[in-house]
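User: Hi! I would like to get to know this model step by step, with a short piece of reasoning behind each answer. Let us put it on the screen and begin with a helix.

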Amino acid sequence: MDGGRYLDGSARSLVAADMLSFARALAPETAMHDAVPLVLPEMLLLAEDPKPDAPSMLANSLWYKYRTSPDWGWKVWDNAVASLRQVPLMTDDTLKRHMVALQYAQFLLHIDRHLPAGIDEQVLRWFLGTGKNEILALTVDAWNAFTIVLLFLGAHGALPSTTILRGLVYPAWAQLANVVSEQAQSLATYIQSANALFDSPILRSEPQISSTLSNTLLDIRRFYTRRQDAFGELHFGFLAAEMPILVSIEHNSFVPQHLRDMAQVLRGLRATYPVGIYREPLVNALKVILSDSGEGLSGTDANTLLNDRILSVLSPWRLAATAVQLQFGLRQLGRAMANDSTRQAASASLDKMTSVLFHHSIAYEEACFIAEMVKEIDSAVAEKFVNNGMESLGAILLHPSTPAVLDNLVGRIDQSMLTSADSVTSKRLTQNLLFVARLVQFNLGFGGSWTTAVREQHEMLSSIFFRLALMHGSGSSDLDSVAYPLFIDTLYFVIDELHSQSKTSTTDLFKYNPNMSENELSKDIPTGYCRQLFTLLPQPPPDKVVTDLMHALVIYLVT
């Protein structure tokens, strides 16, 4: 119940006694049991009964007759699967087959509600017992009907995703991994159906019970809720332990290539799970595929990682090991940052890691790989990455390795505009300016109070971005068409932020706008751009519709 972590022995005994009492009240033991026959012919007739209440009526009838038998749920399930095998023989209409499958799903849902402990335990026992041979005999069409029943019961909480995984999917993978002859061909239908059952309730963003029937938002939300069971504390170890089996399937030469590719895809898909609780079982399960030996997952040394060059370990084996190392290490640092006693040491470790990262020359592929690994990290760790990254960018821009005429970013941008005013701006300069504009927008996304120096810098930036917009919006320039919209948007952001940071009591809407008249604008700026720029000027030109309207009124009154 609580993993032995919270309740003491006496409290746990009291809870267990209450559970036993409720169980006996719901399922009283009787000396006389009504034996359930192996074959229930009335269940096969359900496929031909169109009445809406037929599933519930049949479930009530069976419960009334066999409720005292301890195995009546197991036998009902066994007969339901046998009936589903006959559905493809009754009709060739796919839609009708799916409707019949939903009839049986509704019936089994009512059976689940009649059983004191639900149908889950009975189904799992069937899967791990005589059901192994039954499911091997299912055809493709029968599997379609069977899958609809499983997904329906899973969405409605009668069958947890863990029962489907442990009873059907994991045994299928284990059986395929151990084939030593061409018998893998005979398992193809079973394996493909098991993989589909793993994909739909566990991985797919929009799982669907039936391909011929419309999906509902409620069904999707039910799947999202039920799939969490597979990542719960009691069952995640089973999921982690299957990863070496998928690797075995990939490298089993007797397995058809399409099934090996499917195993590789399934192994490559990542799910979100709480690392802290499951670190040990996950590490034990992944050592087979993530390390050349038993060592390699204990450290998270970013310096060693970067100096060894990530591109040199971009194999499916070492890349996965590197990813696990980074993710585990960053999550551990996140927990340490949340603890007062370890925050200082964790902060120093993060500073060292980010210093190595941001002062190391890495390729684009390496940067993308690291960015992928730091997704969904704790907010404290993300804050460190952002702050240290912005400081590094500022240091690079303010103090470049090559000599500059001016010693600050704003001045160098202004100087570059002046030196290129008599010629077409180079493409390289344009790209650099676009990067600066995006960087300014990114920086403005983080709130906080500004100092006087920062406010003065942004006032200069507003003037510069207005001039950049004029330069890149003129008809004589053949620059990147992205430049003008980006510069004018950045100007809007800067002006809005300057107003929000202003400490004056009076409101001057044009205080930070460019001080320029419409006559000073270039004549070759397109009309659409001109209208946009006029709105920024303190004295925009009058609209032609109302020009001289006052004089016209006076003339009218006089005449």
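User: How far does H8 reach from its first C-alpha to its last?

Analyst: A word on the ground rules: this is a predicted model, where local features need pLDDT (the predictor's confidence in each residue, from 0 to 100) of at least 70, side-chain atom pairs count only at pLDDT 80 or more, and totals for chains, interfaces and linings use all residues. Residues are numbered from 1 along each chain as its sequence is written, and side-chain values use heavy atoms, with hydrogens and water left out. Helices (H or I, at least four residues) and strands (E, at least two) are DSSP runs, numbered from the N terminus, and the expected span of a helix is 1.5 Å times one less than its number of residues. H8 has 16 residues, with 22 Å expected, and its reach comes close to that: 22 Å.

User: How many residues of H8 are buried?

Analyst: Buried means under 20% relative accessible area, exposed means over 50%, and partly exposed lies in between (1.4 Å probe, protein chains only). By this rule H8 is mostly covered, and the buried count among its 16 residues is 13.

User: Which residues have the most contacts inside the largest nonpolar core?

Analyst: A nonpolar core is a set of buried Ala, Val, Leu, Ile, Met, Phe, Trp, Tyr and Cys residues joined through side-chain atoms within 4.5 Å. The largest one has 78 residues, and helix H8 (residues 140-155) supplies the largest share of it, 11 residues. Apart from it lies another core of 32 residues, including Leu433 and Leu536. Inside the largest core, the residues with the most contacts are Trp77, Phe107 and Phe146.

User: Which aromatic cluster does Trp77 belong to?

Analyst: Contact means heavy atoms within 4.5 Å, and beyond four places in sequence Trp77 touches Trp126, Phe127 and Phe146, among others. Rings of Phe, Tyr and Trp (its six-membered ring) pair if their centres lie within 6.5 Å; planes under 30 degrees apart count as stacked, over 60 as edge-to-face and the rest as tilted. One cluster is formed by Trp77, Trp126, Phe127, Trp143, Phe146 and Tyr190.

User: What is the angle between the planes of Phe465 and Phe487?

Analyst: The count comes to 10 aromatic pairs. Phe465 and Phe487 form one that links distant parts of the chain, with Phe465 in helix H23 (residues 452-473) and Phe487 in helix H24 (residues 483-501), 22 residues apart. Phe465 is buried because its relative accessible area is 2%, and Phe487 is buried too, at 0%. Their rings sit 6.2 Å apart centre to centre and the pair is tilted, with an angle of 35°.

User: Why does His458 count as buried?

Analyst: His458 has its place in helix H23. Beyond four places in sequence, His458 is in contact with Leu444, Trp450, Val494 and Leu498. His458 counts as buried because its relative accessibility is 8%.

User: How far apart are the C-alpha atoms of Ala184 and Pro256?

Analyst: Ala184 lies in the loop between helix H9 (161-177) and helix H10 (188-203), and Ala184 counts as buried because its relative accessibility is 0%. Pro256 is among the residues that Ala184 touches, together with Phe254 and Val255. The two are 72 residues apart along the chain, yet their C-alpha atoms are separated by 7.1 Å.

User: Is Ala137 buried or partly exposed, and at what relative accessibility?

Analyst: Ala137 sits in the loop between helix H7 (131-136) and H8. Its C-alpha atom is separated by 8.8 Å from that of Arg85, 52 residues away along the chain. Ala137 counts as partly exposed, at a relative accessibility of 40%.

User: How many helices does the protein chain have?

Analyst: The protein chain has 559 residues, and buried residues make up 40% of them. Its secondary structure comes to 0 strands, while the number of helices is 26.

User: Over which residues does pLDDT stay under 50 with 23 contacts beyond four places in sequence?

Analyst: The mean pLDDT of the protein chain is 75, and 72% of its residues reach 70 or more. Over residues 402-407 the pLDDT is below 50, and this stretch has 6 contacts beyond near neighbours in sequence. Where pLDDT is low, predicted coordinates should not be read in detail. The stretch you ask about is residues 270-282.
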